[in-house]
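Colleague: I would like to learn how to read a model feature by feature. Could you take me through one?

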Number of protein chains: 2
Amino acid sequence: MTNTYYTTQVHGEYQIQNIGDLTLEEGGVLRNCELAYRTFGTLNQDRDNAILVTTWYSGTSKIMEDVYIGEDHALDPNRYFIIVVNQIGNGLSSSPHNTPPPFNGPRFPTIRIGDDVRAQHKLLTQYFGVESLALVVGGSMGAQQTYEWAVRYPDMVKRAAPIAGTAQTTPHDKLFSETVIDAITSDPAWQSGWYKNSSEVHIGLRRHAKLWGAMGFSTEALKQKKWQELGFSSIDDFMVGFLENYFLPMDPNNLMTLASKWQHADVSRHTDGCLESAMARITAKVFVMPIDEDMFFPPRDCEDEARLISNGQLRPVKSLWGHLALFGLEPAYVEQVDQLLKELLAL
Amino acid sequence: MTNTYYTTQVHGEYQIQNIGDLTLEEGGVLRNCELAYRTFGTLNQDRDNAILVTTWYSGTSKIMEDVYIGEDHALDPNRYFIIVVNQIGNGLSSSPHNTPPPFNGPRFPTIRIGDDVRAQHKLLTQYFGVESLALVVGGSMGAQQTYEWAVRYPDMVKRAAPIAGTAQTTPHDKLFSETVIDAITSDPAWQSGWYKNSSEVHIGLRRHAKLWGAMGFSTEALKQKKWQELGFSSIDDFMVGFLENYFLPMDPNNLMTLASKWQHADVSRHTDGCLESAMARITAKVFVMPIDEDMFFPPRDCEDEARLISNGQLRPVKSLWGHLALFGLEPAYVEQVDQLLKELLAL
């Protein structure tokens, strides 16, 4: 299916690397796995200045570039070789909508966070000669990938900064993600994933957007009408003009691939279900960075996990926006993240 | 439409009083308005021992009796004349499902919290000769009615205990309630509200139940598997066995009437939109009782309102269950409520 949203016109420049067939955790193979990535800066001679940036649910390399990367940020291309890898299923890398039949759409294989991290590892080591990462950083599902990296490849990850995410999906997050899946798959136009054009499923996508509205921002942000800062005239205007506008052009099967991956993120897969043992594998210096007003990755959950990391510190970020502060909705949030990442990189 | 759920077999004994036609805030008339109520104890000679108990979204007099009323509780029938009035649309009082054509189902008129409170006032004053209330108490939408009483009839309400609710619906609550409305009305079987039997809309009702699951309990309650205390074997077992089981027998039009009423609760309707002025009308002694882990009536919102009440005190209740602690899911919650209500009644 063609979808003009997943193009360089919308998401800026990016490169594609075919890393070959990827054998998957849940069984099956993702054939000719293509990873879309974007790099900034240069790998130095010691090959010790590489930073991996991961992406979140629905996010691509574009927003990571726009919000987190640049001379004014901790992720400074003048100092670091920064590579942003789009997660599988996000529409730029191999995804349901861009895979040829018969593995297209709802037949796209089931992907897990571990599959992404192994694919990213292959890309970094075999195509870029990167054997050490000064930092892995990402938000939300990007934090899930960050934790997976630190647990799976402890020798390679020197520092890690999971922002607004957890190493093990909590029961509440799993439940919330079920409701976002239901919102789309309950649309009669979903047709078991065999819609002709994603725009036919717009009602489900709109419901899905509203659920993000009800959980993605803090109750207080909505009460204080923080959407005014973004130029919206009412909460309904904000829900439609910001959230529906954001999700509407996306492919529903892509989103479902991501949602399923999100639900099952759990580093304790490596240790027979024991989270303590999994987290004990981490040797990286880790700043665990919850957002204080996040309603579905509340600081309490992140604090519990931070305690399990030997070189881990709980370093919360304040933002009344809540989870979707990740989008860089206010400068104060970005400044705090930059400050913390600079501090971590100096350790 | 017949629905065996809304019967004395399920909800225990209750009486019906036809209070005549009720002219409605939003226009229109609820003809032959019937209020279902249950009383406990006896009105004393001074007529100063009456307590009004209101009901929440989907709740009836039955759960208020089971959890909050009895010799062992603050609401002791040996001392007080307690009357629980079922809110309009809850299935026992006049509701979409029990109203004859043409005002049945989706043609049931739009009801507001103020309509309920005027109807309850008529019932109390004209049929019971009650002119003074020692206490008005209710949770969630019951708290909305409690606030409406205290603002609208300040001379009559001596004490008020709004539990886990607000005087003015917050933007986040309005948004959340939109998602629960969407969950039902997006079911193709909803048929604009003209389904033949409510069980046909079971998929929508199940989705609606899951949204309550994602917001009704604290994230920590789910993480700590508190559902084990209620005898459930997994979170999915709990969602189906508790929440779907609870909502499935209900009438969708009834729920939509309640949801609309919930969304528009706002005592500032009395004062041209000025919440401060509305709250300043309250002369009752008020214990504002949020539940500390409530995700959609967070203590912060209740605290803001408590500050506007001259005889108001913020008296939070602790429960990891969050909002649905209201159901009396653990004894410790009920004990705290009893303690606070006893203290308030002694003032």
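Modeller: Gladly. Let us begin with how elements get their labels: helices and strands are DSSP runs, numbered from the N terminus. With that in hand, Asp294(A) can be placed in the loop between strand S9 (285–288) and helix H11 (299–306) of chain A. Please keep in mind throughout that this is a predicted model.

Colleague: Is Asp294(A) buried or exposed?

Modeller: Buried means under 20% relative accessible area. Asp294(A) has 4% relative accessibility, so it counts as buried. Leaving aside neighbours within four places in sequence, Asp294(A) is in contact with Ala164(A), Pro299(A), Gly322(A) and His323(A).

Colleague: What does the UniProt annotation "active site" cover?

Modeller: In the unreviewed UniProt entry, that annotation covers Ser140(A), Asp294(A) and His323(A). They span 184 residues in sequence, yet no two of their C-alpha atoms are more than 10.6 Å apart, so they gather at one spot. Of these residues, Ser140(A) and His323(A) are included in the lining of the second largest cavity.

Colleague: Where is His323(A) found, and which residues does His323(A) touch?

Modeller: His323(A) sits in the loop between strand S10 (312–314) and helix H12 (331–346) of chain A. With a relative accessible area of 2%, His323(A) is buried. Not counting residues up to four places away in sequence, His323(A) touches eight residues that can be listed by name: Ser140(A), Ala164(A), Trp212(A), Gly216(A), Ile291(A), Asp294(A), Phe296(A) and Phe297(A). For one of these there is also a polar contact: the side chain of His323(A) pairs with the side chain of Ser140(A) at 2.8 Å.

Colleague: Which residues of chain A does the UniProt annotation "domain: AB hydrolase-1" cover?

Modeller: According to the unreviewed UniProt entry, that annotation covers residues 68–327 of chain A. Over residues 68–327 the chain is 40% helix and 8% strand, and the end C-alpha atoms are 10 Å apart.

Colleague: Let us turn to Arg38(A). Where is Arg38(A) found, and is Arg38(A) buried or exposed?

Modeller: Arg38(A) belongs to strand S4 (residues 34–40) of chain A. Its relative accessibility is 14%, so Arg38(A) counts as buried. The side chain of Arg38(A) makes a polar contact of 2.7 Å with the side chain of Glu65(A). Beyond four places in sequence, the residues that Arg38(A) touches include Glu13(A), Tyr14(A), Gln15(A) and Ser61(A). Ile82(A), Ile83(A) and Val84(A) are also among them.

Colleague: How should I read backbone geometry?

Modeller: Most residues other than glycine have a negative phi, and most peptide bonds are trans. Exceptions are worth a look. A cis peptide bond joins Pro101(A) and Pro102(A), with omega about 10°. Pro102(A) lies in the loop between strand S6 (81–85) and helix H3 (113–128) of chain A. In chain B, a cis peptide bond joins Pro101(B) and Pro102(B), again with omega about 10°.

Colleague: Which residue has a positive phi of about 50° although it is not a glycine?

Modeller: Asn32(B) does. Asn32(B) is in the loop between strand S3 (29–30) and strand S4 (34–40) of chain B, and with a relative accessible area of 47% Asn32(B) is partly exposed. Gln191(B) is a further case, with phi near 50°. Gln191(B) lies in the loop between helix H5 (171–185) and helix H6 (202–216) of chain B, and Gln191(B) is exposed, at a relative accessible area of 52%.

Colleague: How do I read the meeting of the two chains?

Modeller: The size of an interface is often given as the accessible area lost when the parts come together. Here chain A and chain B bury about 2,800 Å² between them, 61% of it on carbon and sulfur atoms. Leu175(A), Lys210(A) and Arg300(A) supply 20% of the area that chain A buries against chain B, more than any other three residues. The contact takes 29 residues from chain A and 29 residues from chain B.

Colleague: How are the two copies related?

Modeller: A turn of 180° and a shift of 0.0 Å along the axis lay chain A on chain B with an RMSD of 0.0 Å. The two copies are thus related as by a two-fold rotation axis. Moreover, 100% of the interface residues of chain A are also interface residues in chain B, so the copies meet through the same surface.

Methods. Residues are numbered from 1 along each chain as its sequence is written. Chains are lettered from A and ligands numbered from 1 in the order in which they are written. This is a predicted model: local features need pLDDT of at least 70, side-chain atom pairs count only at pLDDT 80 or more; totals for chains, interfaces and linings use all residues. Side-chain values use heavy atoms; hydrogens and water are left out. Helices (H or I, at least four residues) and strands (E, at least two) are DSSP runs, numbered from the N terminus. Buried means under 20% relative accessible area, exposed over 50%, partly exposed in between (1.4 Å probe, protein chains only). A polar contact is a pair of N or O atoms within 3.5 Å; within protein, one must be able to donate a hydrogen and the other to accept it, and residues adjacent in sequence count only if both atoms are side-chain atoms. Contact means heavy atoms within 4.5 Å. Copies are superposed by least squares on the C-alpha atoms of residues with pLDDT of at least 70 in both. UniProt positions are given in the numbering used here, feature names are shortened, and annotations may be inferred rather than shown by experiment. On a 1 Å grid over the protein atoms alone, a cavity is a set of points where a 1.4 Å probe fits but cannot get out, and a pocket is an open set with protein on both sides within 12 Å along at least five of seven lines; lining residues have an atom within 4 Å of a point. Buried area is the accessible area (1.4 Å probe) that two parts lose on being put together, summed over both.
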